[in-house]
Amino acid sequence: MAGLDNRSPTVAVYFGGPAQTPQAAAAVATLRHHGIFILPVVPQLAGYKTQVPASLHEVNGTVVPPEDPALESVAQRLLEELRLVRAKRLVFITYRRSDTRGVAEQLYRAFDDRSFDVFLDTHSIRSGFEFQSVLWDQMADADLLILLDSPAALSSRWVREELARAHALCLGILQLVWPGHARSPGTDFCVPFYLEPDDFASGPAPIGERSELAAASLHRIMTLAEALRARSLAARHSRLVGELCQRVSTAGWGIDIQPGYCIDLHRPGRPTPIRAFPLVGHPDSHQLHQCFDGCGNPPLDGLVVYDPLGMWDKKTLHLTWLNGYLPLRALPVTELNAWIASGP
């Protein structure tokens, strides 16, 4: 294709259907030949191969539900592929079991169906692990918190503590406010979604512990969660970038923000820059590998910066061990000043 530049991040969407043109099929084949990511979007998965060109037959397609007219789910997938949001998808649900167990478990299943890892206290901690340490670790690594704000939700000490920790992490919070219940005090930093009796499958009948949401309401909530996830990740990334830039500029270093997701740091007297990658959540081996690839060839010295708040001690020890073997370093943002003073 004329104008295709493999040096620039590129993704594509193919909107399929029964009517296809040879020109579209040829364009798709060319993009595939160049290794460009293509997301097939079709009206329905039944008869998928009749709706897309042959070069996409082995690519997993998706259907956009009618309650997502803004194509939030498609946009999220493209942002992940461009590395503008992370590919890991983790949502944390906080709730009072005796009020909202049915909705919590329903949301667990719905997010799981959308390829999220979901933290729900009754499902997500293996026997033998220390409950609170794993809970804080999972929250610190989450993209979004879902608060089920039932009338008695904040009477739970755990819900109050989880909200406070989420606020400290700058974690986005989707607040599902129960019918007839004013928002709980101290939740002004959440994004509210006000539920009505008709949003429940039981309709106007009394809403209890085992009640579930109606299908249409559940779909609207899932679509909103996809959009809020991107905003939450962007806010947390901006916070990390701002803290990194402020600290190195105070030390007299130069800053060169690169397209996409990295920053070149220029220490006076050092001939080559250090390429820094601020990462939201906890770095894993896949992300570290991606960052090393982003260091260029020959590679610049690489630095992965992350927020260690809430990280499980075992993860911290693992990253410390990896730093002794990897060609780049993972550094908690809390240790930036000491790292700068060491004159790397």
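Contact here means heavy atoms within 4.5 Å, and in this predicted model helix α5 (residues 157–168) lies across β3, β5 and β6, running at about 145° to β5.

The sheet beneath this description is an open one, in which five strands follow the order β4-β3-β5-β6-β7 with parallel pairing. Its edge strands are β4 (117–119) and β7 (191–194), each of which pairs on one side only, and the twist from one strand to the next averages 20°. Strand β6 (residues 172–177) pairs with β7 in the parallel sense over four bridges, and Leu-174 stands opposite Val-191 in β7. Helix α3 (residues 97–113) also packs on the sheet, where it touches β3 (90–94), β4, β5 (144–149) and β6, and its direction makes about 155° with that of β5.

Turning to the rings, a pair of aromatic rings is described by the distance of the centres and the angle of the planes. A search of the whole structure finds five aromatic pairs, including the two in this table.

| Pair | Centre to centre | Between the planes | Form |
|---|---|---|---|
| Phe-111 and Phe-116 | 5.2 Å | 80° | edge-to-face |
| Trp-253 and Trp-339 | 5.5 Å | 50° | tilted |

Because Trp-253 lies in the loop between α6 (215–250) and β8 (254–257), while Trp-339 belongs to helix α9 (residues 336–341), their pair ties together parts that are 86 residues apart in sequence. Both Trp-253 and Trp-339 are buried, and both Phe-111 and Phe-116 are buried.

Charged side chains meet rings as well: the charged end of Arg-89 sits over the ring of Phe-116, 3.9 Å from its centre, and Arg-165 lies over the face of Trp-136, at 4.2 Å from the ring centre.

Note on methods. Residues are numbered from 1 along each chain as its sequence is written. This is a predicted model: local features need pLDDT of at least 70, side-chain atom pairs count only at pLDDT 80 or more; totals for chains, interfaces and linings use all residues. Side-chain values use heavy atoms; hydrogens and water are left out. Rings of Phe, Tyr and Trp (its six-membered ring) pair if their centres lie within 6.5 Å; planes under 30 degrees apart count as stacked, over 60 as edge-to-face and the rest as tilted. Buried means under 20% relative accessible area, exposed over 50%, partly exposed in between (1.4 Å probe, protein chains only). Helices (H or I, at least four residues) and strands (E, at least two) are DSSP runs, numbered from the N terminus. A charge sits over a ring if NZ of Lys or CZ of Arg is within 6 Å of the ring centre and within 35 degrees of the ring normal. Two strands pair if DSSP finds at least two bridges between them. Axes are lines fitted to C-alpha atoms, for helices over the stretch in contact, and angles run from 0 to 180 degrees between N-to-C directions.
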